[in-house]
Amino acid sequence: MLEKYDIEVDMAESAEQAIEYLKSNRPDAIFMDHLMPGMDGLQAVKAIKGNPQTAMIPIMMYTSQEGELYVGQARALGAMGVLPKQVRPVDVSKVLYELHLLPDRRDMAEPALHPVEIDSGVPVERRPQPAGGAPADWARRIETAVKDQAVDIRRFIVASLDSFSTRIISDVRNSMPIQGADPIAPPPPPPKSAWPWVAGILAACLVAVAFAASWVNARNDLAGARAELAALKSTNAELQRSRLDLSATVKDLTAALGAATSSAQPSAAAESGSSSSPSRAEPVPYGEIAFDRSRLEVLRDLLTKLEAQNFHGVVKITSSAGLFCLSGNATDGYQPAAPTLPVSRCDLIGNPLDEALSGQQRQSLAFANLVAGVRQRTAGAITVALESTGTTHPSAPYPARTDSLTAGDWNKAATANNRVEFSVESSTP
């Protein structure tokens, strides 16, 4: 379809070949398939947009996948849009016009006038005459219409001039003085008074006094606000330290409670007809979505083993987010700070990527297909439950903030808390 528009097209059989091609070539646009051997289309889009040398090349996805989830993921990674596999030529032309790869349609329009030759040999422009027309009859009609129009215009001009002259004569007569009448003396000017000046000066003085009073009040309010802000910063630092200490205490209590009740779990599971297995945790590097990559492979292996064992129950997957020491800003994005940077100089301590994602955006398309596929294959015998706890349940305590604490030590705890846990609960007696 693209070659029909006289566009030069280069092909790459895989995403890896495309990335290698872009090292020495700069195309005007990229049409990217989704399912390819090796790296898929979404991963390729992320790699191309992550390279400053190729980030400005527009990318159009080309796939059979449907649904708002896939379109949202493609646009979030930087794709311009998504075309279906059953694409129509009109869709392709629309995209090419938006990419300015085709000329404007108005430049391609043919002129409505055509040059012809007359007796004098001078070329003129005229519209083509309809077949079977009568030029002499049309010329007579046009001449009659022009004469009638000229008569009407002449009548209108004469009537307008008569009306205009009558109005001028009437105005001149009214402006002439009556003979024998005494001229009317102009009224004397009113006496000048100094009170307006006095009132203006008093008003200016009042405005100046009000402005000075408001400036003093604003200055006092600003000083008070600065003092309150300093107190709030101090209180916030104390609350942060208290929250970290409280998290460590809760973790210790939870571990003690789990050890105390571990002996009672087998009997309770036997009575209720269900059992659970120990959980397994997988770390999530900063910048990756929770339910993808290595976590996808762990889930695939786990589901394969459970299906072979004719398992009936729930696979529970819980994601937790770590609070990282970050450098950057909201416009250009955040990255983990240098390991030697003091924690007090971090631009942000948090996890803005995890906070910005909704429930569906935390899982890749392959992860969602795997969860839906196992539920369909097992007729609901195996279900997968996804849960996100955010930053409220850290597994590793964060170090106390001191002047010597570095971003590397802080981010070790954040990496341990940025994890995904897998647990299995059987419903078979």
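1. Let's start with a term: a residue is buried when its relative accessible area is under 20%, exposed when that area is over 50%, and partly exposed in between, using a 1.4 Å probe and counting protein chains only. By that yardstick, E20 is partly exposed, at 47%. Before you go on, note that this is a predicted model, in which local features need pLDDT of at least 70 and side-chain atom pairs count only at pLDDT 80 or more, while totals for chains, interfaces and linings use all residues. Residues are numbered from 1 along each chain as its sequence is written, and side-chain values use heavy atoms, with hydrogens and water left out.

2. Next up, salt bridges (a side-chain nitrogen of Lys or Arg within 4 Å of a carboxyl oxygen of Asp or Glu). The structure has 10 of them. One joins the side chains of E20 and K23, at 3.2 Å from N to O. While E20 is partly exposed, K23 counts as exposed at 60% relative accessibility.

3. Now look at E282 and R280. Their salt bridge has its closest N and O atoms 3.1 Å apart. Is E282 buried or exposed? E282 counts as buried, with 14% relative accessibility, whereas R280 is partly exposed at 47%.

4. R293 and E288 make another pair, with their side chains meeting in a salt bridge of 3.9 Å, N to O. Both ends are partly exposed: R293 has a relative accessible area of 38%, and E288 has 23%. Don't stop at the pair, though: salt bridges with shared partners join E288, R293 and R295 into one network.

5. E288 turns up again in the next feature, as one of the residues closest to the centre of the largest cavity. A cavity here is a set of points, on a 1 Å grid over the protein atoms alone, where a 1.4 Å probe fits but cannot get out; lining residues have an atom within 4 Å of a point. Grid points are joined across faces, edges and corners, and the volume is the space filled by probe spheres set on the points. The count is 1 cavity of 30 Å³ or more, and the largest cavity has a volume of about 130 Å³. Its lining has 17 residues, and the closest to the centre are V284, E288, A290, D354 and N418.

6. Which elements give two or more residues to that lining? They are β8 (313–320), α9 (352–356) and β13 (419–426). These labels come from DSSP runs numbered from the N terminus: helices are H or I with at least four residues, and strands are E with at least two.

7. Over on the surface, W138, I142 and V146 form a nonpolar patch with about 340 Å² of accessible area together. Patch residues have over 30% relative accessible area and no salt bridge; like charges are joined within 9 Å, and nonpolar side chains (Val, Leu, Ile, Met, Phe, Trp, Tyr) within 5 Å. The areas come from the Shrake-Rupley method with a 1.4 Å probe, and for residues only the protein chains shown count as cover. You'll find I142 in helix α5 (residues 135–175).

8. Last, two buried residues. G373 sits in helix α10 (residues 365–377) and has a relative accessible area of 15%. T378, in the loop between α10 and β12 (382–390), is buried at 18%. The C-alpha atoms of T378 and E307 are separated by 7.8 Å, with their positions 71 residues apart along the chain.

Technical notes
On a 1 Å grid over the protein atoms alone, a cavity is a set of points where a 1.4 Å probe fits but cannot get out, and a pocket is an open set with protein on both sides within 12 Å along at least five of seven lines; lining residues have an atom within 4 Å of a point.
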